[in-house]
Amino acid sequence: MRVRELLTEARTHSEVQASSKKQLLDQVAQLAAAGCDSLNEQEVFDALVAREKLGSTGIGEGIAIPHCRLGHCQQPIGLLLKLSTPIDFDAVDGRPVDLVFVLLVPQENPEQHLKTLSHLASLFNDDDYRNELRLSKNDHHLYHTAVESEAELRLAS
């Protein structure tokens with residue numbers, strides 16, 4: 001599943017302020033619930049925190065991909081956040097995180113969930129993709145950079 005199928009401009013946020021992983025996940029839950037009527041803020045927060053307890057979703061290079069499966073989620077949903085100041089996310093490489101792609105998926109179809117996570121991890125492993133996102137100046141530019149990337153076109157083909 002490509003980024004353009006997961007993300008909307010309304011769920012793309014640059015210059016996000018957060019001082020900790022927990023505070024960021026709380027903001028993510030608020031943003032997700034505000035943008036999708038079927039999602040409950042507390043349910044999203046609890047599911048993301050429970051997933052982080054299994055192991056950090058900080059994949060390295062300043063990237064985190066928090067994700068969870070939710071009973072009330074009708075379709076896969078993505079949120080992209082560029083943090084104004086990097087935060088500790090217990091990432092595998094120990095680096096603080098400044099780019100966060102949140103993936104919320106329906107409880108069913110775990111195979112699609114894993115394929116989407118794999119695609120996102122490969123995409124964020126691309127130096128050019130990460131750098132382009134980091135250079136984005138506002139929500140609009142961040143969104144268009146994320147969905148119109150040459151890196152994703154290469155991966156999709």
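A salt bridge here is a side-chain nitrogen of Lys or Arg within 4 Å of a carboxyl oxygen of Asp or Glu. With that cut-off, the structure holds eight salt bridges, and this report walks through some of them. The model is predicted, so local features need pLDDT of at least 70 and side-chain atom pairs count only at pLDDT 80 or more, while totals for chains, interfaces and linings use all residues. Residues are numbered from 1 along each chain as its sequence is written, and side-chain values use heavy atoms, with hydrogens and water left out.

| Salt bridge | Closest N to O distance |
|---|---|
| Asp127 and Arg130 | 2.3 Å |
| Arg134 and Asp98 | 2.7 Å |
| Arg130 and Glu61 | 3.5 Å |

Let's start inside helix 5. Asp127 and Arg130 form a salt bridge; they sit three residues apart in helix 5, so about one helical turn separates them. Helices (H or I, at least four residues) and strands (E, at least two) are DSSP runs, numbered from the N terminus. Shared partners join Glu61, Arg95, Asp127 and Arg130 into one salt-bridge network.

Arg130 also pairs with Glu61. This contact links distant parts of the chain, 69 residues apart: Arg130 lies in helix 5 (residues 127-135), and Glu61 in the loop between strand 2 (58-60) and strand 3 (63-64).

Further along helix 5, Arg134 bridges to Asp98, which belongs to strand 6 (residues 97-106), 36 residues apart.

How accessible are these partners? Buried means under 20% relative accessible area, exposed over 50%, and partly exposed in between (1.4 Å probe, protein chains only). Arg130 is buried at 4%, as is Asp98 at 14%. Arg134 is partly exposed at 25%, Glu61 at 34% and Asp127 at 46%.
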